[in-house]
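Me: I'm new to this one and I'd like to go through it with you. Can I ask how the descriptions are arrived at?

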Amino acid sequence: MTTQTVPSAARTPSIRTQGIAIVVAGFGQNAILTTVTTFLLVYLLQYAHITTAGIAVVTTVIAVAKILDAVSDPVMGSIIDMTRTRWGKMRPFILFSAAPVAVLTGLLFSVPTIDEPAQLVYFGIVYVLWGFAYTVCDVPLWGLIGSAFADPVSRNRVISRVRAFGAISLGLATLGMPWLAQLLSFAPASASAADQTTGAGWSRAVFLVAIIGMGLYLSAFVFGRERPAAVGAPRLRFRQLFGELFHNTPLLMVLVGSVLGFGRFVVQAGGAVFVVIAYGNAGLFTFIGAAIILGLVLASFFTPMLLRRMSARRLMVASSVAGAVFYLAMYLVGFQSIVALAVFIFLTGLTLGVFGVVQATMIADAVDDAEARTGVRNDGISFASLTFVSKIMNALAVLVFGLFVVIAGYESGVTVTPGMQNTIFLSITVVPAVSCLLSAVPFLFYRLRGAPAA
């Protein structure tokens with residue numbers, strides 16, 4: 001066993017500097033994730049001209065790839081926990097994952113103009129590789145948050161800021177990417193509105209954002225530091241890691257509750273497509289996107305204050321029930337008024353923002369609780385569970401939304417009918433409402449050792 005040299009205090013960035021660096025890294029990373037999750041289906045439908053049958057294949061590929069990728073998260077987490085280097089166990093993965101993620105993100109939006117079966121093969125290969133590369137960059141960043149900040153209050157503050165600035169990044173990407181793609185399409189001024197944005201423009205825009213995003217992400221490697229005790233800790237065994245994981249009941253409750261709440265992500269997965277179907281104007285998505293982003297940002301900033309006044313468990317259950325009420329009310333009101341729709345989207349954004357912060361907080365608290373009981377700290381594999389459930393949630397959201405698109409019979413160029421609009425609307429309202437209610441149940445059983453029942 002190699003003894004690690006703990007960096008001197010003079011060479012260790014301050015907690016404040018580390019916090020800023022991690023927030024910046026999360027900002028850059030979220031710009032890439034948002035671009036992929038929000039615009040990939042739009043790009044494939046409108047610019048790669050994938051048919052309805054092809055979209056059924058695409059959504060299946062995405063769902064299966066995300067599930068396989070999610071299964072790899074605990075493996076990645078265990079590899080991190082068993083890694084020992086002079087940089088720590090998480091920072092090396094942050095350093096070496098940046099370039100592959102940037103390149104593969106751009107390739108996702110560079111589908112060649114060939115026969116559709118070949119396009120689908122190309123997409124499937126690149127998407128699977130992108131998923132694995134993103135796992136390598138995502139798991140260690142969240143693990144670093146758990147390791148770098150021992151004080152729960154400081155950690156919750158950093159988590160909330162990562163979520164808040166991640167939402168701001170989401171907003172900038174959501175609102176700005178269509179315009180950037182149009183700008184980089186270099187279409188002549190005489191071109192029609194439909195021809196002002198091209199697939200090549202999307203490719204250039206995504207490559208640019210991916211390179212900048214991963215450049216910002218590397219700030220976590222440059223300025224982030226793991227706990228000295230964690231850097232010098234003995235190497236953990238694979239069986240030991242998984243044994244402690246499956247005995248961490250509070251963590252398991254978070255995982256189950258999160259997966260059942262996958263409906264929270266359906267709007268993000270299909271919102272851009274819904275706006276095209278419902279209003280025939282993709283530009284209106286900036287209005288809808290701004291509403292949910294505003295809710296996410298506000299909730300991310302004020303959630304730490306709520307956590308000082310009520311338990312994470314109670315707050316999670318309350319936000320889940322509130323989310324169900326807002327989604328159901330949105331369905332009953334309908335989408336005829338885009339202003340009313342935006343108001344409900346904002347309210348659901350508030351509940352989603354609370355969920356994001358509290359979910360990470362509950363996992364971090366469960367890791368601390370397990371360490372206090374067993375003496376084993378497994379940041380890597382425990383925070384891999386956070387990325388694991390996020391990918392499962394995204395996979396289910398994409399799969400369900402894709403299923404509704406297929407049922408509705410929508411594809412580029414088809415005549416949109418009221419029945420088609422209502423079918424898609426069900427997917428972003430009733431499905432999330434039911435999902436939120438189901439997710440509240442496991443969170444009721446979240447208990448830390450010695451924690452009060454409240």
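Me: Which residues does Phe388 touch, not counting residues up to four places away in sequence?

Reply: This is a predicted model, by the way. Phe388 touches Ala70, Val71, Asp73 and Pro74. Phe388 itself is found in helix α15, residues 379–408. Its C-alpha atom and that of Ile67 are separated by 8.5 Å, though the two residues are 321 apart along the chain.

Me: What makes Phe388 partly exposed?

Reply: Its relative accessible area is 22%. Buried means under 20% and exposed means over 50%, so Phe388 counts as partly exposed.

Me: And Thr197, is that buried or exposed?

Reply: Thr197 comes out at 12% relative accessibility. The cut-off for buried is under 20%, so Thr197 counts as buried. You'll find Thr197 in the loop between α5 and α6. Leaving aside neighbours within four places in sequence, Thr197 is in contact with Tyr47, Pro178, Ala181, Gln182, Ser185 and Trp202.

Me: Why is His49 called exposed?

Reply: Its relative accessible area is 53%, and exposed means over 50%, so the label fits His49. His49 sits in the loop between α1 and α2 (52–81). Its phi is near 60°, a positive value in a residue other than glycine. Most residues other than glycine have a negative phi.

Me: On to the helices. How many are there in the protein?

Reply: The secondary structure comes to 17 helices and zero strands. Of the 454 residues, buried ones make up 57%. Take the contacts between residues at least 6 apart in sequence: 83% of them join residues at least 24 apart.

Me: How do you know that α1 is roughly parallel to α3?

Reply: Helix α1 (residues 15–46) and helix α3 (residues 91–108) pack at an angle of about 15°, and their axes are 10 Å apart. Angles under 35 degrees count as roughly parallel, so that is what α1 is to α3. The crossing of α1 past α3 is left-handed.

Me: Which residues meet there, α1 against α3?

Reply: From α1 come Ile32, Val36, Leu40 and Tyr43, and they meet Val101, Thr105 and Leu108 of α3. Sorted by class, this contact has six nonpolar residues, one polar and no charged.

Me: Why are α3 and α6 called roughly antiparallel?

Reply: The axes of α3 and helix α6 (residues 199–217) cross at roughly 170° and come within 8 Å. Anything over 145 degrees counts as roughly antiparallel, and therefore α3 and α6 get that name. Residues making the contact include Ile94, Ala98 and Val101 of α3, along with Val206, Phe207 and Met214 of α6. By class, the contact of α3 with α6 divides into 12 nonpolar, four polar and no charged residues.

Me: How far does α6 reach from its first C-alpha to its last?

Reply: α6 reaches 26 Å with its 19 residues, close to the 27 Å expected at 1.5 Å a residue.

Me: Which residues of α6 are buried, and what covers them?

Reply: Buried residues in α6 include Gly201, Trp202, Ser203, Ala205 and Val206, and further along Val209, Ala210, Gly213, Met214 and Tyr217. What covers the buried residues of α6 includes α1, α3, α4 (116–148), α5 (152–183) and α7 (219–223).

Terms used. Residues numbered from 1 in each chain as written. Predicted model: local features only at pLDDT ≥ 70, side-chain atom pairs only at ≥ 80, totals over all residues. Heavy atoms only, no water. Axes fitted to C-alpha atoms, helices over the stretch in contact; angles between N-to-C directions. Helix = DSSP H or I, 4+ residues; strand = E, 2+ residues; numbered from the N terminus. Parallel < 35°, antiparallel > 145°, perpendicular 65-115°, else oblique. Left-handed = near helix turned anticlockwise from the far one by under 90°. Contact = heavy atoms within 4.5 Å. Nonpolar A, V, L, I, M, F, W, Y, C, P; charged D, E, K, R; others polar. Expected span 1.5 Å × (residues − 1). Buried < 20%, exposed > 50% of the residue type's maximum accessible area, 1.4 Å probe, protein only.
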